[in-house]
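Student: I would like to go through the labels on this model and ask what earns each one.
Tutor: Good. Bring the labels, and we will set each against its rule.

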Amino acid sequence: SVPVGLEPVAVAVRDNDEAWVVNHLSDSVSIVELDGKKSHVVRTLLVGDEPRDIVFAGHDKKRAFITTAHRGQNSPLDPQLATPGVGRADAWVFDVDACHDTSLGGEPLTILTFFSDTPRALTVTPDGSKVYVAAFNSGNGTASTFVGSFAGIGTPLPPFTPSSQLPVNVGVNSSGEEQ
């Protein structure tokens, strides 16, 4: 048992010596040193509002991705809450090697914003080159992908086109002809 932030909701083990815990209510991530006897928090990263999940990806799993709501807490970005067309979900990306001092806060490499609300689960391809984000209450737009090699960070897909903007009464029959 290790005391961390308020309402821990996810944990990812980076290696045998370290785990990262997502604290939903504290809007933070606790980095825990695992020593088998006196495991303890060695650093706390402040992240966006209501973080939900964390994964490690990229070469040697050197990037930490954390999902948060895009509402402005702890964020250096202007959330533009009244601006149409601005995504409402973020994925904060940290270089794990840069997160080992003991100061409070942390500096993300980038904050990726995508069109969803309340991002939830994350997963990574086996080679670590892609991260997938699942959104809660997203209708048919259930996932966005961050695509790219991890020499760079990757780019979110463009916004999902709402069903109200899709063509009406278009279908394909069993012969493959459009109806």
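**Labels and their cut-offs**

Tutor: Six of the seven residues of S7 are buried, so S7 is largely enclosed by the rest of the structure. Buried means under 20% relative accessible area, exposed over 50%, partly exposed in between (1.4 Å probe, protein chains only). This is a predicted model: local features need pLDDT of at least 70, side-chain atom pairs count only at pLDDT 80 or more, while totals for chains, interfaces and linings use all residues. Residues are numbered from 1 along each chain as its sequence is written, and side-chain values use heavy atoms, with hydrogens and water left out.

Student: What makes S7 a strand?
Tutor: Strands are DSSP runs of E, at least two residues, numbered from the N terminus; helices are runs of H or I, at least four.

Student: How do you know that S6 and S7 pair?
Tutor: Two strands pair if DSSP finds at least two bridges between them. Seven bridges join S6 to S7, and the two run antiparallel. In one of these, threonine 67 has alanine 91 in S7 as its bridge partner. S7 and S8 also pair in the antiparallel sense, over five bridges. There, alanine 89 is partnered by phenylalanine 114 in S8.

Student: Why is glutamate 18 called buried?
Tutor: Its relative accessible area is 8%. The limit is under 20%, so the label holds.

Student: What makes glutamate 18 and arginine 14 a salt bridge?
Tutor: The rule asks for a side-chain nitrogen of Lys or Arg within 4 Å of a carboxyl oxygen of Asp or Glu. Here the closest N and O atoms are 2.7 Å apart, so the pair qualifies. By this rule the count comes to six salt bridges.

Student: How do you know that aspartate 97 and lysine 62 form a salt bridge?
Tutor: Their N to O distance is 3.3 Å, so they pass the 4 Å rule. The pair links distant parts of the chain, 35 residues apart. Arg14, Glu18, Lys62 and Asp97 are linked in a network of salt bridges.

Student: Why is aspartate 97 called partly exposed?
Tutor: Its relative accessible area is 46%. That lies between 20% and 50%, so the label fits. Lysine 62, at 26%, is partly exposed too.

Student: What makes aspartate 95 and arginine 63 a salt bridge?
Tutor: They meet at 3.8 Å, N to O, so they also fall within 4 Å. Aspartate 95 is in strand S7 and arginine 63 in strand S6, 32 residues apart. At 21% relative accessibility, aspartate 95 counts as partly exposed.
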